[in-house]
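Trainee: Could we go through this model together, chain by chain? I would like to practise reading it with you.

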Amino acid sequence: MKKSYKGIFLFFVLMMILTLLGGCGSPDEKTDAGSGDVNEPKAAVVSKPEPDANLDKDIVIVQALDMISFDPINTSDLSNGYVINSIYSKLFDFDEDLNAEPELVENYELISDTEWQFQIYKGIKTHDGQELTADDVVYSLQRTQQGTAIGALFKSVDKISKVDDYTINITTKGPYPALPTALTHQACCIVPKHYCEQTASADNWTKPVGTGRYVLKNRVIGDSIVVERFDDYFNQDDKACNKSLTFKIIPEGSGRTIAVETGEADLNIVFDTVDYERVLSNSNVQLWDHYSQTVWHLGYDNTQKWFDNKLVRQAINYAVDREACLEVGHNGHGTVVYNNATFAPTCLGAVENPKDKYSYDPEKAKELMAEAGCPGFETEIIVFRDEAERIAVVVQAYLKEIGIDAKVTRIENSVFASYIVDHRAPMFITSWGSYWDPDLFLSRRFSSEGIGGVNRTWYLNPELDTMIEKGRSSFDNDVRAEIYGEAQEFMAEEAPECDLYVNTMYALANKDLKGVEINVEMPYHFHKLHY
Amino acid sequence: MIKYVVKRLLEMIPIIFALTFVVFTIMYFTPGDPTAVILGNEYTEEASMRIKQELGLDKPFFVQFVRYVGNLIRGDFGMSYITRAPVSEQLIGRFPNTFKVVAGAMLFCVALGVPIGVFSGTKPYSLLSNITMVIGLLGVSLPIFWLGLLLILLFSVKLGWLPSSGIEGFSSLILPSIALGANYMANIMRTTRSSMLEVIRQDYIRTAKAKGVSQRNIVRKHALRNAMMPTITVIGMNIGALLGGVVLTETVFSIPGTGRLLVESINNRDTPSVLGCLVIMAVCVAVSNLIVDLIYAYIDPQIKSQYSGGRG
Amino acid sequence: MTETNAVRKYSTKKEFFKEYKKKSRLQEIWRMFLKNKLAVIGLVIFVIIVLTAIMAPLISDYENDAIKMNVSERLTPPNSQHIFGTDEIGRDIFARIVHGARISLLVGLSSVIIALFIGGIFGAVAGFFGGKVDGIIMRSMDVFLCLPDVLLALAIVAAFGTSLVNMTIAIGLSFTPKFSRVVRSAVMTVRDIEYVEAARAIGATNSRIILQHVLINCIGPIIVQVTLYVANAILTISALSFIGLGIKAPTPEWGNMLASGRAFMRDNAYIVMAPGFAIFITILSLNLLGDGLRDALDPRLKQ
């Protein structure tokens, strides 16, 4: 008996080894049908539903991370925005380039350089059946003003007041041309006053009430969020083109692709480019793309030892090969940027390589380290996304070349803010979706207005503050572009962070799904999705 | 019998209490300021002090522990630092998924492991029996997470038969159950086989054979019940391991269960959730041990009659 | 062997060892062991793995092959230069497996030593004294047994952070209750045997008796358990690394190689093959070895 079972044992082991070798031998084999029939990605454009469209479907959307909170002023995290933009509405929604387009506002005017008046529609219904008035808007925006998620975007805002039941007046401290765009920020979601007061006192945001196109139906933390069409949405011409949206969280990139391929999901809004070739040869799915203003960057805490030294910061910028980061992080799908102030190439006044610095140059980096008298040190890179973790390993290797020994620590996105506040993130890798108007990110990211918010690098400099002030005070974009060009050159010298690349935006959809729209930051306008 | 059940139930309470103490103590020493996690962006000194007072985090260790246990008895696991929702709500949302996976794995182990074990135990020289032994040997050494990845590669990626993630419908339960259960199935198979082998050699079986009872009846009526004892012990011992393994299974298959909640909460430094997950899993282990003991007592008349003496 | 003989013979440590390691007994065990071909296969594989780990620097260079990335060669399928291919940032998978063996074995062995040491003390004391001491110690150990050891290790890592040392301690502590049980029962079976009584009669202290006589005599079952638990520890460490709470990049560890390669496995299946197989074969060899040792050390258990 013994003998035969040993024989079988060896047979099995042999089989396993053969299987492994087999698995190794044919990595390029593609299983999907229709090879040679490549489906190039389509550019996502704004569209209107056809008359015969089915507007009553349940649409399943997969994303990578769970949302954080239904309180809009709590966070500016993208994963959060996907959901709360569906539940609440804002005075202005953003368009493809993140510029303002009126939503609740019927008309508005600039009374003087510093005074704006907004008139909202009449008869806007909240999910619990009340009418939304100027009181709600004023209350909600004042709350936003106090919160930190928006912080600097509202710094120039002086007073928010009610004129009559449907008119709101906002005065600013100086000219603030970007105000409508600022009002598109997700922290500016209008939360009805009565609901907000009762919720804020109990600190229970689990049953949100808004005026948006969808009502929250169900949430399973870490798994899914289901929202249903709100039939009383005030703008009946622009209500949801589908019955409900289910946001499913699948942290694993290929898992999300597979979900769309198998029809389990209709749209993947966080496409992992590892599957790029594969989905192009699959005729059941369609890949949509759009250029991006999402800047992946390596940040560091400018207050901590060595990072407070300009030469060390410059050395880091020289030490990292951005092409390699792009290759590993997003499999080469994007464009590297040589910038230190999160200017995406399509932003107002963006300069491609300010002062022509920071092409990969390890020798120069070592020289700068020596010049700074830095013998090298140990530090930590905080990440919370798969892509960032991959980039971190690359960055880690480059930093090691110049004597910086960095440990990579992965956390959940929801605690990232607390790591920043605690100064527990000496280095970090994440992405930042830039607005077209630099005023909307420069001040928040690199001045005292953003401390405790998104000034994660803790970088402060009065000279830059003056430039920000200057850029804000003009309504002439040519003048502003020039000022922002100077700011970028200044920042290149200062190197408060190391921008790596912008990644092309993709959304993977079922081939029959219509109404897929992508802006420079993310797929959006899910209310337009239909079959 | 009821007396026995009650006695075992009462014995469970101090164990769960002690366990809560252990877990609470470990988590108490987590470095870092929990109020920074709670407040995030809105962190200020005063806010931090206020929250500490509200949550009683400024109190000494024992006061905090007593308070925690007091709330626990009322089913209150505290508030999550991150979602600011009650931990019990999260657990209620997540636990059914974990239960499904564990139950699926259990079913897979028992439904396959026992019959194959019995068969190969009664026919120890057959080809099937030998194959069983080999699979058993390899099976106990397969890491859950690697097996999970291999299953995904084969059944989801290559063949496209089964989903690779999620927990909707029966089909998505198949792969996780197999991945989680494989180790234990191998274990159960081996145990059943060897205890079957042993029982078959006993005198009373020989007697039965001599009396002309058919092989089938011998197995069914005589051997099985006795051979089951070690198998049940192994099943019972493995429930804990299954619940440990579920953390990995849920990670591999992206299943939103208690295991993944635990990992997320650890990454989030969300102490109340971590505690809640650990306590709930420990309770599960204790309860399933109890159930196994009861089944044991039910099957084995000797224990049934001894119950008043209790078990260590 | 008479009682008086035993006292004379074992009254010093040196003589005890001499006697214990009597050739005939060892030879008998070895013979038994060799009969079990599977166990021998296990031993051979394990020795190969240990040798690989020891000679890792000779086989491949840590800095240049296992750590240094090479983006231009990323995701290269196995070929003559990289027999297991390269990973997502172009490191040679073979080199990483080889160096990963060091981590796995190091943490595996040291955590079991911790478990053996702490668990051994508790178990020996409990088993030797019995009664109330036994009751208290074993009850508290039972509490820990209620929590699956992966979870216990997770809790400890969660509280104290994920360094190599913390992981080793966490895994060691999570195995402690099991070892205390093993040692306790082993101690209990030998504690009433004549020579222990005799040692006590001539006035040896308790700790001396436990250490010299009892523990050494129950070394057999302990060795078996150590073998099996080293396997278990290696599995646990790769599991923790897989879920991101163990050994961190860029240190090569089999579990974290699986975790980071996972995203690429759809098109590059080889990337998860080698690390997983390394874990599997290591655990298999230790299991085979452990089973073989058990059979050889305790022939009664063998059917």
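Trainee: Which domains does the domain assignment give for chain B?

Mentor: Happy to start there, with a word on the ground rules. This is a predicted model, in which local features need pLDDT of at least 70, side-chain atom pairs count only at pLDDT 80 or more, and totals for chains, interfaces and linings use all residues. Residues are numbered from 1 along each chain as its sequence is written, while chains are lettered from A and ligands numbered from 1 in the order in which they are written. The bounds, which come from an automatic or database domain assignment, are domain 1 (2-73) and domain 2 (91-310).

Trainee: How many helices and strands does chain B have?

Mentor: Helices (H or I, at least four residues) and strands (E, at least two) are DSSP runs, numbered from the N terminus. Reading chain B from that end, each element in the run is an α. The count is 13 helices and 0 strands.

Trainee: Which element gives the most to the side of domain 1 of chain B that touches domain 2 of chain B?

Mentor: The centres of the two domains of chain B, taken over C-alpha atoms, are 33 Å apart. Contact (C-beta atoms, placed from the backbone, within 7 Å) involves 17 residues of domain 1 of chain B and 16 residues of domain 2 of chain B. On the domain 1 side, α1 (2-28) and α2 (34-39) of chain B each supply at least two residues. With 13 residues, the one that gives the most is α1(B).

Trainee: How many nonpolar, polar and charged residues are on the side of chain C that touches chain B?

Mentor: The contact takes 33 residues from chain C and 37 from chain B. On the chain C side, the elements that give two or more residues are α8 (131-145), α9 (149-160), α13 (219-242) and α15 (270-297), and α9(C) has the largest share, 8 residues. For the classes, Ala, Val, Leu, Ile, Met, Phe, Trp, Tyr, Cys and Pro count as nonpolar, Asp, Glu, Lys and Arg as charged, and the others, Gly among them, as polar. The split is 25 nonpolar, 4 polar and 4 charged.

Trainee: Which helix gives the largest share of the largest nonpolar core?

Mentor: A nonpolar core is a set of buried Ala, Val, Leu, Ile, Met, Phe, Trp, Tyr and Cys residues joined through C-beta atoms within 7 Å, where buried means that 20 or more other C-beta atoms, placed from the backbone, lie within 10 Å of a residue's own. Of the 174 residues in the largest one, Leu267(A), Val394(A), Val395(A) and Ala507(A) touch the most other members. The largest share, 9 residues, comes from helix α11 (residues 386-401) of chain A.

Trainee: And which residues does Val395(A) touch?

Mentor: Leave out residues up to four places away in sequence. The partners of Val395(A) are then Leu298(A), Val320(A), Cys325(A), Ile381(A) and Ile429(A).

Trainee: Which residue stands opposite Val227(A) in β11(A)?

Mentor: Strands pair if DSSP finds at least two bridges between them. Strand β9 (residues 214-220) and strand β10 (residues 224-229) of chain A pair in the antiparallel sense over 6 bridges, forming a hairpin with 3 residues between them. β10(A) is also joined by 5 bridges to strand β11 (residues 244-249) of chain A, again antiparallel. There, the residue opposite Val227(A) is Leu245(A).

How values were computed: Two residues are in contact if their C-beta atoms, placed from the backbone, lie within 7 Å. A residue is buried if 20 or more other C-beta atoms lie within 10 Å of its own, exposed if 12 or fewer, and partly exposed in between; C-beta atoms are placed from the backbone.
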